[in-house]
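Here are some short exercises to help you find your way around a new structure. Try each task before you read its solution.

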Amino acid sequence: MSDVGAWEPAPKLGPLHAQALDVAAAEAANGTLSVDSDVAACLRQVFAATPDERAGLFDGEPSRRLVGWARALTLAEETIPGCEAGAKSPVIALARMLRARGDYPHDLTPWIRRVSSNRFLPYGSLMDRLQS
């Protein structure tokens, strides 16, 4: 007899995830990220979500909040297991959104490069940029 597990879809991103991102952003403002297991689990769900699900969470948020979230997610990739995303990082979507708004801070790219080992941040892969 084989064991059959139940498939459980990933939870939709919502207010709980926004709250976790805010907690992480406050922590990331100090240049470090040390969050509890509940916040870490929410951040993993943000990384695991589809681009459309993330866009639903990010759209309509003030740019200042998105900058904080970008910093938090950059540090999450470095410090929280399960948040590695490479060219599919949500930080790339946030950076594109901020640039489209004209609100991309001039100091964000050097900061990301300094703290991240993800070579795709903040611009994404060349192939993705050529297709968009």
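**Exercise 1: the whole chain**

What percentage of the 132 residues of the chain count as buried? Also work out how many helices and strands there are.

Solution. Keep in mind that you're looking at a predicted model. Start with burial: 44% of the 132 residues are counted as buried. Next, go through the secondary structure, where you'll find 7 helices and 0 strands. Reading from the N terminus, that gives the order α-α-α-α-α-α-α. Last, look at the contacts with a separation of 6 or more: 73% of them come from residues 24 or more positions apart.

**Exercise 2: the two sides of α3**

Find out which residues of helix α3 (residues 51–58) are buried, and which are exposed on the other side.

Solution. Step one: pick out the buried residues, which are R54, L57 and F58. Step two: check how they sit around the axis. They span an arc of only 90°, so R54, L57 and F58 lie on the same side of α3. Step three: turn to the other side of α3, where D52 and G56 are exposed. Step four: ask what covers the buried residues. The cover includes α1 (15–28), α2 (37–48), α4 (63–79) and α5 (90–101).

**Exercise 3: how α4 meets α6**

Describe how α4 and helix α6 (residues 108–115) are arranged, and say which residues meet.

Solution. First, take the axes: they come within 10 Å and cross at roughly 15°. Angles under 35 degrees count as roughly parallel. Therefore α4 and α6 are roughly parallel to each other. Then add the handedness, which is right-handed for this crossing. Now for the residues: α4 brings R71, T74, L75 and E78, while α6 brings L108, W111, I112 and V115. Sort the residues of this contact by type and you get 5 nonpolar, 1 polar and 2 charged.

**Exercise 4: two spots in the backbone**

Look at the backbone at G60 and at the bond between L121 and P122. What is the sign of phi at G60, and is the peptide bond between L121 and P122 cis or trans?

Solution. Begin with the general background: most residues other than glycine have a negative phi, and most peptide bonds are trans. Now go to G60, which follows α3; its phi is positive, near 85°. Then move on to L121 and P122, which are joined by a cis peptide bond with omega at about 0°. To place that bond on the chain, note that P122 is in the loop between α6 and α7 (126–131).

Key
Residues are numbered from 1 along each chain as its sequence is written. This is a predicted model: local features need pLDDT of at least 70, side-chain atom pairs count only at pLDDT 80 or more; totals for chains, interfaces and linings use all residues. Side-chain values use heavy atoms; hydrogens and water are left out. Buried means under 20% relative accessible area, exposed over 50%, partly exposed in between (1.4 Å probe, protein chains only). Helices (H or I, at least four residues) and strands (E, at least two) are DSSP runs, numbered from the N terminus. The arc is that of the directions from the helix axis to the C-beta atoms. Contact means heavy atoms within 4.5 Å. Axes are lines fitted to C-alpha atoms, for helices over the stretch in contact, and angles run from 0 to 180 degrees between N-to-C directions. Angles under 35 degrees count as roughly parallel, over 145 as roughly antiparallel, 65 to 115 as roughly perpendicular and the rest as oblique. A crossing is left-handed if the near helix is turned anticlockwise from the far one by less than a right angle, and right-handed if clockwise. Ala, Val, Leu, Ile, Met, Phe, Trp, Tyr, Cys and Pro count as nonpolar, Asp, Glu, Lys and Arg as charged, and the others, Gly among them, as polar.
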